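Subject: Structure for you to look at

Hi,

Here is the structure I promised to pass on. Have a look when you get a minute, and my notes follow below.

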Amino acid sequence: MRRAYTVPGESFLELLDVLQLQRSISLITTRHEAGAAFMAEAEGKLRDVPALVLGSKGPGIANLAIGVHTAYQDETPMIVILGETASNLLKYSGPSDPDLTGMFSSFVKWAGKARSATDVPKLLVEAINAARTGRRGPAVLAVPSDFWVAPFDQSLADPDLAMRTGTLHRSADEVAALLADSKYPVVIAGGRARWARDELVMTAEHLGFAVYNAFRRQDAFPETHERYAGHLGVGIPARQLDAMERADLVLCLGTRLDEVTTQNYRYPLPSQTLVMVGTGPADARRGGLTFRVASEVEPFLRELRSVAAPRTRRSSAANAAVHTFMTPPDTRDSVLVHPADVVRTVRRHAPEDTIVTNDASAFAGFVHRYWCFTAARSQLGPANGAMGYAVPAAVAAKLAEPERTVFAMVGDGAALMTGQEIETAVRYRVPIIVIVFQNGVYGTMAMHQARTHGRLAGVTLPAVDFAAWARGLGAAGYMVEDPQELEPTISRALRHQRPVLIDVRTDPDVITPETRLSELYHGDRSG
């Protein structure tokens with residue numbers, strides 16, 4: 001662990017004091033516990049090494065929940081230390097001190113509670129082992145406040161960081177046989193495939209299969225590669241799913257078969273053979289033939305490539321559909337700023353290895369569709385749909401990899417949920433660039449309401465001067481209302497050596513790449 005993220009609390013005063021003096025772990029003080037948890041999750045997702053997040057007793061711990069849930073759903077390693085009331089006062093705990101580990105039990109991988117001060121070091125080792133082995137995820141440890149000052153002079157085993165690969169040769173042989181019999185195999189690459197990216201490219205070329213990236217895991221396989229078949233996200237047209245529809249074998253690499261990736265649990269089809277490769281639990285949502293390979297993705301692919309005979313299979317149709325899908329629309333007649341232009345302009349000017357953090361809302365569809373992810377570990381997005389993710393995640397990404405450019409893409413709804421972490425970026429001199437897509441509505445909900453009820457209810461937002469707000473937090477702030485202002489403003493932001501926010505006033509009618517809000521209404525339009 002390199003960093004600990006927190007809002008300081010009285011239940012771990014001594015730990016804060018020690019961390020402040022440590023050279024090996026940097027203490028990052030945030031403006032809200034949700035921001036701290038999102039930062040720890042983003043660093044774990046980017047580096048595959050758990051970051052530490054500290055939560056103080058009572059409401060502070062509850063504020064961590066959204067980030068911890070994101071780490072669990074997105075299979076991200078994270079260590080969470082919860083500060084409890086002093087051990088001699090626990091029996092007097094009231095409503096403000098609930099069962100801390102019980103609060104998180106349904107969405108953590110491991111939970112422990114120190115019963116004595118001597119328990120803390122060994123439980124922390126258990127937590128690190130749990131977070132990093134098998135299915136990655138958050139490990140939560142509750143520690144009474146007085147335990148931090150207790151002496152400890154016992155020996156302690158180091159965390160077990162050995163790779164668990166499983167028995168590969170037989171599994172690789174069996175999958176090679178399935179591939180030899182397959183006419184149309186496809187791969188779905190998930191988060192764990194990120195760490196096998198080069199091996200995946202070589203294996204795809206060797207065995208001739210088409211590769212889809214799972215939802216918000218678009219950096220697992222380069223989107224410019226000829227064997228790329230598309231991103232299994234929201235609003236994917238049928239023509240881009242043709243390779244998935246025709247497949248007779250689906251090889252899932254390090255991914256959950258979640259609702260979006262499976263296109264509302266349509267894929268894999270019951271007639272398709274499914275091979276699940278990964279260290280997490282087996283998925284039992286389907287009735288078709290399923291094989292399970294308990295292994296990390298990279299060693300499995302290396303073994304598979306060594307035992308499987310090379311094959312040549314056509315993927316031109318799938319790749320052509322991708323290029324059509326990712327081609328931006330003609331926006332020359334747009335009076336207001338089109339969201340697609342924002343994404344493509346940033347992409348054109350940003351370095352190739354730029355890290356993009358995206359929030360959850362309808363605007364994110366433009367990022368998914370038009371950015372074109374080509375560099376490794378370049379996308380950080382919450383597959384669980386948590387709002388408020390992008391800005392804290394960008395802060396953590398820039399702290400973890402300071403040499404890379406980092407853009408946060410966020411809607412105006414989520415910007416005021418955790419956007420105050422821009423001040424954290426200012427304080428730690430972390431020059432992130434935040435793009436706020438301001439269209440005045442909670443876009444996803446507005447789209448559903450217009451389609452279902454023909455009117456809006458509780459989803460409109462007043463205009464906010466985000467540029468002035470950012471300047472008040474110590475960052476540079478710019479507003480873009482005219483499409484002609486977009487390119488020079490982004491170029492200016494890239495030259496800054498401090499945090500920058502660009503408030504882009506986008507067309508409120510353009511909700512998704514395929515959807516206009518005005519086209520969804522029916523009946524009564526009042527609201």
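A quick definition before the cavities: by a cavity I mean a set of grid points where a 1.4 Å probe fits but cannot get out, computed over the protein atoms alone. Bear in mind throughout that this is a predicted model.

With that in place, the structure holds three cavities of 30 Å³ or more. The largest cavity takes up about 230 Å³. Its lining has 22 residues, and those closest to the centre are D74, E75, G191, R192 and R217. Sorted by class, that lining comes out as nine charged, eight polar and five nonpolar residues.

The second largest cavity holds about 150 Å³ of space. Here 19 residues form the lining, with S361, F363, G411, N439 and V441 nearest the centre. Two elements, helix 15 (412-418) and strand 19 (510-512), each supply at least two of the lining residues, and helix 15 has the largest share, at three residues. The class split for this second cavity is 12 nonpolar, six polar and one charged.

Now the pockets, or one of them at least. The second largest pocket has a volume of about 580 Å³. It is lined by 23 residues, and L15, V120, P121, L124 and W148 are the closest to its centre. Which helix gives the most to this lining? That would be helix 6, with five residues. Helix 1 (13-21) and helix 6 (119-132) each supply at least two residues. By class, the lining of this pocket counts 20 nonpolar residues, two polar and one charged.

On to the charged pairs. As you know, side chains of opposite charge can pair when their charged atoms come close. Searching the whole structure turns up 27 salt bridges. I picked out three to walk through.

The pair I'd start with is D74 and K45, whose side chains meet in a salt bridge at 2.8 Å, N to O. This one links distant parts of the chain: K45 belongs to helix 2 (residues 33-47), while D74 is in the loop between helix 4 (65-73) and strand 4 (78-84), 29 residues apart. Are these two partners buried or exposed? D74 has a relative accessibility of 9%, so D74 counts as buried, and K45 is buried too, at 6%. The cut-off for that label is under 20% relative accessible area. You have already met D74 above, as one of the residues closest to the centre of the largest cavity.

The next pair is D242 and R246, with a salt bridge of 3.1 Å between their side chains, N to O. Both sit in helix 9 (residues 242-246), four residues apart, which is about one turn of the helix. D242 is partly exposed at 34% relative accessibility, and R246 is partly exposed at 40%.

The third pair is E423 and R427, where the side chains meet in a salt bridge at 2.9 Å, N to O. They are separated by about one helical turn, because they lie four residues apart in helix 16 (residues 421-427). E423 counts as buried, with 16% relative accessibility, whereas R427 is partly exposed at 33%. Beyond individual pairs, salt bridges with shared partners join E41, K45, D74 and R217 into one network. Two members of that network, D74 and R217, are also among the residues closest to the centre of the largest cavity.

Finally, the overall picture. The protein chain has 19 helices and 20 strands. Its radius of gyration is 24 Å, close to the 24 Å that the globule rule gives for 527 residues, so the chain is as compact as a globular protein of that length. Along the principal axes, the C-alpha trace spans about 65 × 60 × 45 Å. Buried residues account for 58% of the 527 in the chain. As for contacts between residues at least 6 apart in sequence, 74% of them join residues at least 24 apart.

If you open one spot on screen, try the largest cavity, with D74 and R217 among the residues closest to its centre, then follow D74 across to K45.

Cheers

Terms used
Residues are numbered from 1 along each chain as its sequence is written. This is a predicted model: local features need pLDDT of at least 70, side-chain atom pairs count only at pLDDT 80 or more; totals for chains, interfaces and linings use all residues. Side-chain values use heavy atoms; hydrogens and water are left out. A salt bridge is a side-chain nitrogen of Lys or Arg within 4 Å of a carboxyl oxygen of Asp or Glu. Buried means under 20% relative accessible area, exposed over 50%, partly exposed in between (1.4 Å probe, protein chains only). On a 1 Å grid over the protein atoms alone, a cavity is a set of points where a 1.4 Å probe fits but cannot get out, and a pocket is an open set with protein on both sides within 12 Å along at least five of seven lines; lining residues have an atom within 4 Å of a point. Grid points are joined across faces, edges and corners, and a volume is the space filled by probe spheres set on the points. Ala, Val, Leu, Ile, Met, Phe, Trp, Tyr, Cys and Pro count as nonpolar, Asp, Glu, Lys and Arg as charged, and the others, Gly among them, as polar. The radius of gyration is taken over C-alpha atoms; the globule rule is 2.2 Å times the number of residues to the power 0.38. Contact means heavy atoms within 4.5 Å.
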